[in-house]
Structures are given as structure tokens and as C-alpha cells.
Amino acid sequence: MEALQMESLMGSPLAGSLITSHECVYPATTTSYVADRFFHAAQLDAVALVEGREPVGLVMRPKLLYTLFRRYGFELYGKKPIITIADTEPLILHEDERLDVALDKALERPVEDIYDDIIVVNDDGLYVGLLSVKQMIIQQSNSLANNIVQKEMAKERAKEFEKINQIKSQFIANVTHDLRSPLNAILLVAELIKMSCDNGYKEQVRDRVSILISSANNLKAIVNNVLDLSKIEAGKMEVICESFDLVQIIHEIAETAKVLIGRKQVDIDVIANDGPIFMNSDSVKIRQILTNLMSNAVKFTEKGKVVFEMSIKNNMVMVSVRDTGIGIREEDLSRLFIAFNQLEDGKSKRYEGTGLGLTIAQNLLNLLGGAISIASKYGEGTTFTVHLPSVYKGVYTNSNNKE
């Protein structure tokens, strides 16, 4: 554990984490036995000599085979203990030695003593394993490459965090503005209602209560948007499927939108099936998505019309909201669905809203297995199209019956 902590703190791998072999024999083992191990294990490059768990030497494949293949080599050395031809002063490193330090020590040796394997020991000087110089070089190269990549990634993350902080700051400014407007209206109207009550003007009370309710609903919608986004990001937004008539929902949303138009010269057109279109999905979330799109269309359209159109193709329903409003610049399209982001500045914007509606709509559609697309031309209008699965024509019976 301490070794891993040190590795993390120093930013360089430790010798103990790079061990490539644990091969070892007793010093008194016969040379022929060790030779057989080399013959039967082509990947075996070295064997440590360990006595009482303490390393006392190192045998390298090239030196052993060279010795045995010399004339009479096997006869002379075959039955002798392996310690007789071993390197009894091998390089030994502690398991907590950093890679860069270990590699420096390995390469500082005289040229004739530089071989691939190094013995690694623990705090008690006991044998832990063998370390490969070749693997150390490869590891160091990888570490250097990773460090370069990590530095670049860190720079990019820093830029992203800075951008996120800017977006959040802008969001706070926007939300503060949006919360203050209905809250001020509520306080003002409440004060007026109190004055009307004190003076006995009942008719004024009735009119001002309507304004109070409208402002309170606006405030509630803003708070709900923020809470919905929090639920979605926390993965706690549930989907409740049920059978419902999509056509009915579309007409109800269109009627609500007519109230939002007020005195603006904007027509609402609905293009949908005459009969019901039943589908199995979360009706509350679909209503929320379509209401948001229709409200946006009405909000940003000063004159002309808003068309609410539904069509069905390949068991998918497409609901489009097309307006003749202000439109969206092409360079701003990619920012529409970013949370905490608005196309207008919070201090100078003309239109109310937190800017979370489209983000929430997109996330809700992801939960429902749907999608949303947009087409817009600045100054001419915008079209949002929602794509929803699981459409059933006629009277709904169950989720397995599709006409």
C-alpha cells in the first residue's frame, strides 16, 4: 500500500510493480538442472540464486549456455553447483526504487556488466523477483508518452472547467433575473391586494388574484425546470408508461398556446389525425416536452403563425413545431441543448426563461427512446421535430398488438 502511495506521489512507477519473473534456485543446485530449465523455457532469461530467501547470485541464460557449449563444458560443469558460474555480485534494487532511479543505476554499470535482469528485494533484503532492464526502458518510454498526453488532457480539462464555470456563472445570472421577475410581481400584487382589501375594492382583488396566480405559476415552472434537470443528472428521473391519445394532448397544448399569444398577431395551426392515435409511453413527459417546444415557438414569434404537425412513419411518430419567429443563427445551433447556457445575456435579454427547457426536453426524449432535431434560419423561423417510438393506431389494447 505504501509503495503504491509513493508511486502515486512521485509520479513514477516503482521497481516492485515492474517485476517480470520470480524464478530462483538454491546456490547448490547442479548446473545441469538449471540448464535443463533454460532448455525447456525459451522465455526464461535469468534465474536468481536464493539462500534462506536472501539473494546470493544471478545466472543469465547467455553466460550459462556459452559455458556449457564450450568444449567439455558439460563434463566440467554439469554436476557442479550453479553458484560456481553465477554472478555473485549482481545489481540489487529495493522494490520501492523509482523507475527513473532504477534505470539510471542499471545503466551506470560497466558495459561488460550490463545485462537485462536485476534482482529486487524488500525492506528485509529478501528476494522479491527479477526486473528486466528492457521492460524498464519500455515502461519509461510509455510513462513519458503518457505524461505528455496527460499534460495535454489536463490543459483541455482546465479549459473545459473554465468554460463550465463561465456557463454556470451566466446561468446564475439568468436564473436570478428570471426568479426575481415573478417574485417581484407576486410581492407587488400581494401588496395591491392588501390595499384593495383594506379599501373594500372586491373587484380589484379578483383581477389581481389572477395576476398573482399567473406569476406564481411562472415561478413554479422555473423552479421545476431546475429540479427536473437535477433529477435527470442524478439518474433519478423515472419513466411511467401508460396508454394515451397523443392527438388529444396535441390539441390541448395548442389551446393552451393560444392563451399565451395574448395580443400578438400569431395563428396556431394543428395538423394531426382526425381520430385518436394511442401510444404506450410516459404521457406526462411527452406533454412536458411538447409544451416546452410550443411555448418557445409562441414566445419567439411576434407575428405570423405556429404550426403543430404530427405524422407517423415506420412505427415512429414525428411531432413538429414550426414557427415564423426570430429564428436561430447557425453558429448558435450547437449551443441550444447545453445546460446552463442561453443565447441571450441575462442582463439584457428580452425573453424570460432559464434556458433549461430544451436541455430537459432532450434528456427526457433520451429516457423515452426518442430524439429531437432542429432546422432554423435566422430571421425566418425555426422547426423543432420530436421523434417518438411505440406508436399504435386506433384503440390501444396492449403493447404487443400493433396495427
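Me: Which residues is L290 in contact with, leaving aside its neighbours within four places in sequence?
Reply: In this predicted model, L290 is in contact with L246, I250, I253, F308, V319 and V386. Each of these pairs counts because heavy atoms come within 4.5 Å.

Me: What makes the largest nonpolar core a core, and which of its residues have the most contacts inside it?
Reply: A core of this kind joins buried nonpolar residues through side-chain atoms within 4.5 Å, where buried means under 20% relative accessible area. The largest one here has 43 residues, and L246, L290, M294 and F308 have the most contacts inside it. Helix α8 (residues 246-261) gives the most to this core, with 8 residues.

Me: Why is V270 called partly exposed rather than buried or exposed?
Reply: Its relative accessibility is 29%. Buried would need a value under 20% and exposed one over 50%, so V270 falls in between and is called partly exposed.

Me: Where does V270 lie, and what is around it?
Reply: V270 belongs to strand β9 (residues 265-271). Beyond its neighbours within four places in sequence, V270 is in contact with I250, H251, A254 and F308. E309 is 39 residues from V270 in sequence, yet their C-alpha atoms are 5.8 Å apart in space.

Me: Why do β9 and β13 count as edge strands?
Reply: Happily, the strand order helps here: the open sheet of 5 strands runs β9-β11-β12-β14-β13, with mixed pairing. β9 and β13 (371-377) each have a single partner strand, so one side of each is left without a neighbour in the sheet. On average, neighbouring strands of this sheet are turned by 10 degrees against each other, direction ignored.

Me: How do you know that β13 and β14 are paired?
Reply: Pairing takes at least two bridges, and 7 bridges join β13 to strand β14 (residues 381-388), so the two qualify. They run antiparallel, and I372 stands opposite V386 in β14.

Me: Which strands does α8 lie across?
Reply: α8 lies across β9, β11 (303-313) and β12 (316-323). To β9, α8 runs at about 175 degrees; the cut-off for roughly antiparallel is over 145, so that label fits this pair.

Me: Are α9 and α10 roughly parallel or roughly antiparallel, and why?
Reply: Helix α9 (residues 283-299) and helix α10 (residues 357-367) pack at about 150 degrees, with axes 10 Å apart. Angles over 145 degrees count as roughly antiparallel, so the two helices earn that name. Their contact includes K285, Q288 and I289 of α9 and G357, L358 and I360 of α10. α9 passes α10 in a left-handed crossing.

Conventions. Residues numbered from 1 in each chain as written. Predicted model: local features only at pLDDT ≥ 70, side-chain atom pairs only at ≥ 80, totals over all residues. Heavy atoms only, no water. Helix = DSSP H or I, 4+ residues; strand = E, 2+ residues; numbered from the N terminus. Buried < 20%, exposed > 50% of the residue type's maximum accessible area, 1.4 Å probe, protein only. Axes fitted to C-alpha atoms, helices over the stretch in contact; angles between N-to-C directions. Parallel < 35°, antiparallel > 145°, perpendicular 65-115°, else oblique. Left-handed = near helix turned anticlockwise from the far one by under 90°.
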